[in-house]
Amino acid sequence: DQALARGAPWHGDDTLADEVLAQELSLLGELDEAIAAGEIELVYQPKLALATDRIASVEALVRWNHRTRGRLGPDVFVPLAERSDRIAGLTLHVLGRAIADLAAWQAQGLELSVAVNISAKLVDAPDFCAVVQGLVQASAVPPGRLIFEVTESAAMTDVAAAAAALESFRRLGIAISIDDYGTGQSTLSYLRQLPVDELKLDRRFVQNAHRNRDDAILVQSTVSLAHELGIKVVAEGVEEAECLAFLRAVGCDMAQGYAISRPVPAASIVGFQQERIASAA
Ligand code: C2E
Ligand code: MG
Ligand code: MG
Ligand code: MG
């Protein structure tokens, strides 16, 4: 600020950029240690099946309980990890944790799937699929209960390469979900070339769908086209009961958002599902 006041804005900007860079580098340097120290945690956000009013699956969302900086969200460190080689380690840690939690839910009689977010950079990394296969085979969970969420942009660059990579996960039995759908340039006809089981409509289209005509049309037509292609639709960012009612009315398969549940610790998922079952009875 002083540099700006002195009429030397570039100096000020550089200092700020350097500081940010230094902070990012130190955070990145701490990541492996944080994983080993158990500072990296998962919370889970339910995807509610609208036909049955049960949790169909839960999405694993990563958090970092940093010793000095407090609880950090993924937006602070996932993009950093993606720009380095640490994203593979982070993702495998998340996947391992999610598989362990899934096994624990299964042991408690819960039937649900777990979704893990997979960065674009990893989708077609050659050895990643083999490592995933090893992890899954060493576990007690059926791969059919795993979902990989891949953003639209991840699947965009080279459709043939993306299709081949996604297919290799699918051969293991893992379901493919396209995250943040509608924010990129792709169309449903483009998606038809990819092995896709689920589409997650981005919250910017969902949030106002019950009160905005254009959004309503977009949601409705995406649902019907996706269904014709045999793809299930999840609406993300559902914050209001009216929105949930709209989604039920247009036949959307699943909904996720604060109106249903915020992301919660693994231990809370059992109670959540039991409450749903009890309130339906
Ligand atoms: P995403 O996969 O699209 O996840 C949805 C984000 O929206 C989550 O933020 C979630 O907490 C938030 N959200 C859920 N419901 C609502 C709602 O009703 N309203 C609003 N305003 N927001 C809602 P979060 O946990 O901060 O995650 C942000 C992004 O970080 C995720 O977007 C995902 O792309 C990425 N991410 C999270 N965990 C991982 C991970 O383990 N690996 C990778 N590669 N990326 C991850
Ligand atoms: Mg996601
Ligand atoms: Mg999303
Ligand atoms: Mg989104």
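**Note on ligand 1 and the three magnesium sites**

1. A backbone N or O atom of Val62 lies 3.2 Å from a nitrogen atom of ligand 1, and this contact is a convenient place to start reading the model, which is a predicted one. Two side chains add polar contacts to oxygen atoms of the ligand: for Glu59 the distance between the side-chain N or O atom and a ligand oxygen is 2.9 Å, while for Asn117 a polar side-chain atom is found 3.0 Å from an oxygen of ligand 1. Taken alone, ligand 1 exposes 810 Å², of which the protein buries 84%.

2. The space that ligand 1 takes up is the largest pocket. The elements contributing two or more residues each to the surrounding shell are β2 (54-66), α3 (74-83) and β6 (175-181), and β2 supplies the largest share, with 4 residues. The shell comprises 22 residues, the closest being Glu59, Arg63, Asp179, Glu239 and Tyr258; sorted by class, it holds 8 nonpolar, 6 polar and 8 charged residues.

3. The magnesium ion written as ligand 2 is coordinated at 2.1 to 2.2 Å by Glu59 (OE), Asn117 (OD1), Glu149 (OE) and Asp179 (OD), and along the chain these donors follow the spacing E-x57-N-x31-E-x29-D. Asn117 belongs to strand β4 (residues 113-117) and Glu149 to strand β5 (residues 146-151), so this pair ties together parts that are 32 residues apart in sequence. Glu59 and Asn117 thus appear among the donors of this ion, and Glu59 also makes the side-chain contact to a ligand oxygen at 2.9 Å, as Asn117 does at 3.0 Å.

4. For the magnesium ion written as ligand 3, the protein donors are Asp179 (OD), Asp180 (OD) and Glu236 (OE), at 2.0 to 2.4 Å, with the sequence spacing D-D-x55-E. Asp179 bridges this ion and the magnesium ion of ligand 2, the two metals lying 3.8 Å apart. Asp180 lies in strand β6, whereas Glu236 lies in the loop between β8 (232-235) and α11 (241-249), so the pair ties together parts that are 56 residues apart in sequence.

5. The magnesium ion written as ligand 4 is coordinated by Asp180 (OD), Asp202 (OD) and Glu236 (OE), at 2.2 to 2.5 Å, and its donor residues are spaced D-x21-D-x33-E. This ion is 3.2 Å from the magnesium ion of ligand 3, and Asp180 coordinates both. Asp202 sits in the loop between β7 (198-201) and α9 (203-206) and Glu236 in the loop between β8 and α11, so here the pair ties together parts that are 34 residues apart in sequence.

6. Which residue bridges the magnesium ions of ligand 2 and ligand 3? The bridging residue is Asp179, which is also listed with the closest residues around ligand 1, while the link between the ions of ligand 3 and ligand 4 includes Asp180.

Note on methods. Residues numbered from 1 in each chain as written. Chains lettered and ligands numbered in written order. Predicted model: local features only at pLDDT ≥ 70, side-chain atom pairs only at ≥ 80, totals over all residues. Heavy atoms only, no water. Near = heavy atom within 4 Å. Polar contact = N/O pair within 3.5 Å; in protein donor to acceptor, adjacent residues only side chain to side chain. Areas by Shrake-Rupley, 256 points an atom, 1.4 Å probe, with all protein chains shown as cover. 1 Å grid on protein atoms, 1.4 Å probe; cavity = no way out; pocket = protein on both sides within 12 Å on 5 of 7 lines; lining within 4 Å. Sits in = over half its atoms within 2 Å of the grid points. Nonpolar A, V, L, I, M, F, W, Y, C, P; charged D, E, K, R; others polar. Donors = N, O, S within 2.8 Å, 3.2 Å for Na, K, Ca; no water.
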